[in-house]
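I am opening a notebook on a structure that is new to me, and I will write down what I look up as I go.

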Amino acid sequence: MKSLFYHDKFMNRHIGPNNSELNEMLNVIGLDSMDELINQTIPSGIKLHEKLNLDEPITEWEFIEKLRPIAQKNKIFKTYIGMGYYPTTTPPVIQRNILENPGWYTQYTPYQAEISQGRLEALMNFQTMVSDLTGLPIANASLLDEGTAAGEAMSMFYSLRKNKNANKFFVSEDCFPQTIEVLKTRTNPIGIELIIGDYKSVELIEDIFGLLVQYPSGKGEVNDYTNFFRAAREKNIFIVAAVDLLSLALLTPPGELGADACVGSSQRFGVPMGFGGPHAAFLSTKEEFKRNIPGRIIGASIDSQGNLAFRMALQTREQHIRREKATSNICTAQVLLAIMAGMYAVYHGPNGIKAIAERIHKLTRILEFGLKSLGIKQTNRIYFDTLRIVYEHSSNELVENIRKISLGMEINLRYLEDNSIGISLNELTGLNDVFKILSIFETALDTKSDRKPVLDFADNVRIEFPQPLMRTSKFLQHSVFNSYHSETEMLRYLKRLENKDLSLTHSMIPLGSCTMKLNAAAEMAGITWKEYTDLHPFAPLDQAEGYLEIFKELEKDLSIITGLPAISLQPNSGAQGEFTGLMVIRAYHKSRNEGHRNVVVIPSSAHGTNPASAVMSGMKVVVVNCDQFGNVDLTDLKKKCELHKENLAALMITYPSTHGVFEEAIKEICSIVHLNGGQVYMDGANLNAQVGLTSPALIGSDVCHLNLHKTFCIPHGGGGPGMGPIAVAEHLIPFLPDHPIIKLGRDKGITAVSSAPWGSPNILIISYAYIKMMGDEGLRKASIVSIINANYIKAKLEGSYKVLYTGKNGRVAHELIFDTREFKTSANVEVEDIAKRLMDYGYHAPTVSFPVPGTLMVEPTESESKTELDRFCNAMLCIREEIKEIENNMVDKNDNVLKNAPHTARMVISDEWKHPYSREKAAFPVEWIKHNKFWPSVGRVNNAYGDRHLICSCNLISDYSEATV
């Protein structure tokens, strides 16, 4: 009978080693059971002794069957709300070969450029697209959303202002309301005063350092800002324009009007609305600000052979290095969505993009003509895709009648507070849709119009903008945007790029603090269903009951897992979660008349985003030392908490620590902070080792953020998307973020941190799926196996590589740090040499020089099998033997397999080979590689050259080859 109840448990598909292999691994570690290892690893005082009260786990096919009826609760209406979100078509060749392709979505941020050339080129395409359309020479490789991009631009120019007494930032009242709200959140803690008003009447006083306008405006008017921008420039005021990227195919780009920066979203370039995200935002700016631009920039350089190679440029700007001096805490961005948007431009080309924009504008003109024939007043004198309807004697009753009729026809319009109505057309709008919209107003006015004049007008409609606003400059002229317009050519181009990149489809990616675990196909299934992709974030909530059910369930489950009673799903990255948590703590202190509490203590081992987020939230950073074992120095912590007890706001701490250890004194650490009036913020970067074994609440934290793109299986996508929801204790619940458009019932809450009320809802389906299919048993075992795998690697490699930190029983958590600094002295081998040599063995390097310079941090995750772990350890042991050859003077210290790594196919098959080692040793150092070789597409990239000759868009090939190495 037992066989009749057999279930193919998802847990067994997600977790790499089977029970027999786990026993073998425990034997290598020197233990008899999993419980014995956990007892030696996790302090007894914080261990969970009861099950997580989650639903019983379900199989993959059961989950898919569960997800379908939930999807059907979402109602997909024709949507003309606009406000930065528009229905669009994702070309199937892009959906199938990028969004649904693990060769793309399981990649990591391209820190190792030699095995990331495909996505680096794809991001270069995105940057070029943004730069060309906005008329500014440099753009970054994506930001989180339009609102936060505006905040990043504001912060950048605040740091660059020449008049250090200037602390005011003007925002046009016609900017999108969600953007204004996010700016309120960003300005509040750092002393910037926001001035919101009419750009036509604002007085540009000397206290204003910067300004933001919307182009076209939030209500659809295309304003000529030429004179306004000129007046601002004369007073040294920085100019930011929030733009509709598609409209710039027809409109004069703000860069040509004099803007210093442009921000916006690339969502309508083939990326579904997804009830708010994820989408790739952007920031483009002038050449003079290239060393200040937030986020990542992809640049061109050359490799060791003098060939063109892409890489992440100017990495010293990263918050990991600048810490509390950083002006931004951006870490995860939206790389996968930026690649999709860039490929949309590649596929359509300049003519296709312009044709889409022209069609939308022409249909908008036809709609206006039809409305005017009904006697309806439309107030936007110049527009791209949006009309604003105002009745001479408008009333709530009339507008409500129009709303009722439109909803009855399954159409969403925008209803403004002044009783005007907004209609924004989009790529999917057709002539029949225009007539349906007209029929709404005919019904409301109890009239019927003649279609013939409208059709006659449609036959002759033309693109007409005033000369200063009509785009004359060309865009997307590089060959990449003019070569791949058939699906066959596009398919091959995408595959060619994919083949240049190492992803989880090839081998383990053992990056410490990154949790590169399985992103299961069943978890990903729902994200492309139209019931989830085609919903506007500001649609009436009764059209989103499916999403709301998922939110409710996910919040409940995350609350059970963390032990904290409430969740906000709004932060759309881990760093955003940090910022949100600190802002909630700040609001809590202010509510108790303790707004002076502004000191955050942070261990020296912390992730670089921690101090950057603290500064963004108006806090002062006090660094606490670590002891010789890598733990927080309790004496130093007590000293600094007591010294600052009158102003102590919070402690930020990662647990297990960034050094890969469950600190024994964690409860005492939290108690010290609480006794001195502070709150405890737990960074959830390492939660993968906690789930089901302990919890943030048990250790004493008041708030934590959760990296859903780590612990809960949202794929990293080559550098995003991610999600960073926060969990909070009871006393912090009232201060969770609200939203200006979709009210979340948090009257005391902080203002919005993201443009959409639930951040990036579409990818929440992935984490929801993971929890439902794993249940308590699966989640707990995943944590245990992640710890076993890390300790197994330790046992296999500690005889060859020094393990920097362990717990009191000699165990590590789910990750560990190997100290390679001794090899610099003994063999002239840097940690980078080991990282690059691993590529020859088919592996992405572990995390290099973080959190300790000259080290490798390894995190295998629970998804990797014993076979894969053994193969990785074999590679590391072989590299150690190669180092010994140098130490023993058997090979040259400068001309060897490590110093010249990685070795490309082009290098190995070249007629000329001058190295003292064989080609076989270079490329096929062990037998198994001969059967499954991944070739790096370029040699070691010259980073210094790339920074000296910074090229961040697709220029002519001749621009890349002005010098040799």
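How many of the 8 residues of strand β5 (residues 208-215) are buried? I looked this up at the start, keeping in mind that the model is a predicted one. I found that 8 of the 8 are buried, so β5 is largely enclosed by the rest of the structure.

**Entry: the neighbours of β5**

I then looked for the strands that pair with β5, and found that strand β3 (residues 168-172) runs parallel to it, with 4 bridges between the two. Within that pairing, Val 171 has Leu 212 in β5 as its bridge partner. I also noted 6 bridges that join β5 to β6, again in the parallel sense, and there Tyr 215 stands opposite Val 243 of β6.

**Entry: on to β7**

Following β6 (residues 238-244) further, I found that it is joined to β7 by 5 bridges and that these two strands run parallel; Ala 242 has Val 263 in β7 as its bridge partner. With β8 (residues 281-285), β7 shares 5 bridges, but here the strands run antiparallel, and Ala 261 is matched with Thr 285 in β8.

Is β7 (residues 261-265) enclosed or open? I found 5 of its 5 residues buried, so I recorded β7 as largely enclosed by the rest of the structure. Side chains in a regular strand alternate between the two faces of the sheet. In β7, I saw Ala 261, Val 263 and Ser 265 pointing one way, while Cys 262 and Gly 264 point the other way, and all are buried.

**Entry: an antiparallel sheet**

Elsewhere I looked up an open sheet of 4 strands, which come in the order β11-β12-β15-β14 with antiparallel pairing. Because β11 (377-378) and β14 (414-415) each have a single partner strand, they stand at the edges, and one side of each is left without a neighbour in the sheet. Between β12 (residues 386-390) and β15 (residues 421-424) I noted 4 bridges, and Leu 387 stands opposite Ile 423 in β15.

**Entry: the nonpolar cores**

Ile 423 came up again when I turned to the largest nonpolar core, which has 247 residues; Ile 423 is among those with the most contacts inside it, as are Met 129, Phe 269, Met 343 and Phe 441. Leaving aside residues up to four places away in sequence, I listed what Phe 441 touches, including Leu 371, Ile 389, Tyr 391, Leu 413 and Ile 423. A second, separate core has 35 residues, among them Cys 175, Leu 194, Phe 238 and Ala 242.

**Entry: cysteines**

How many disulfides does the structure hold? I found 0. Cys 175 is buried, at 4% relative accessible area, and its sulfur lies 12 Å from the closest cysteine sulfur, that of Cys 262, which is too far for a bond. Cys 873 is in no disulfide either, as the nearest cysteine sulfur, in Cys 878, is 11 Å away; I noted that Cys 873 is buried, with a relative accessible area of 0%.

**Entry: helix α21**

Lastly I checked helix α21 (residues 574-591), whose 18 residues should span 26 Å at 1.5 Å a residue; the end C-alpha atoms are 26 Å apart, which agrees. I found 16 of the 18 residues buried, so to speak of α21 as mostly covered is fair. At its start, a side-chain oxygen of Ser 573 comes within 3.4 Å of the backbone nitrogen of Ala 575, and just after the helix Asn 593 takes a positive phi of about 60°.

Key. Residues are numbered from 1 along each chain as its sequence is written. This is a predicted model: local features need pLDDT of at least 70, side-chain atom pairs count only at pLDDT 80 or more; totals for chains, interfaces and linings use all residues. Side-chain values use heavy atoms; hydrogens and water are left out. The expected span of a helix is 1.5 Å times one less than its number of residues. Buried means under 20% relative accessible area, exposed over 50%, partly exposed in between (1.4 Å probe, protein chains only). A polar contact is a pair of N or O atoms within 3.5 Å; within protein, one must be able to donate a hydrogen and the other to accept it, and residues adjacent in sequence count only if both atoms are side-chain atoms. A nonpolar core is a set of buried Ala, Val, Leu, Ile, Met, Phe, Trp, Tyr and Cys residues joined through side-chain atoms within 4.5 Å. Contact means heavy atoms within 4.5 Å. A disulfide is a pair of cysteine sulfur atoms within 2.5 Å. Two strands pair if DSSP finds at least two bridges between them.
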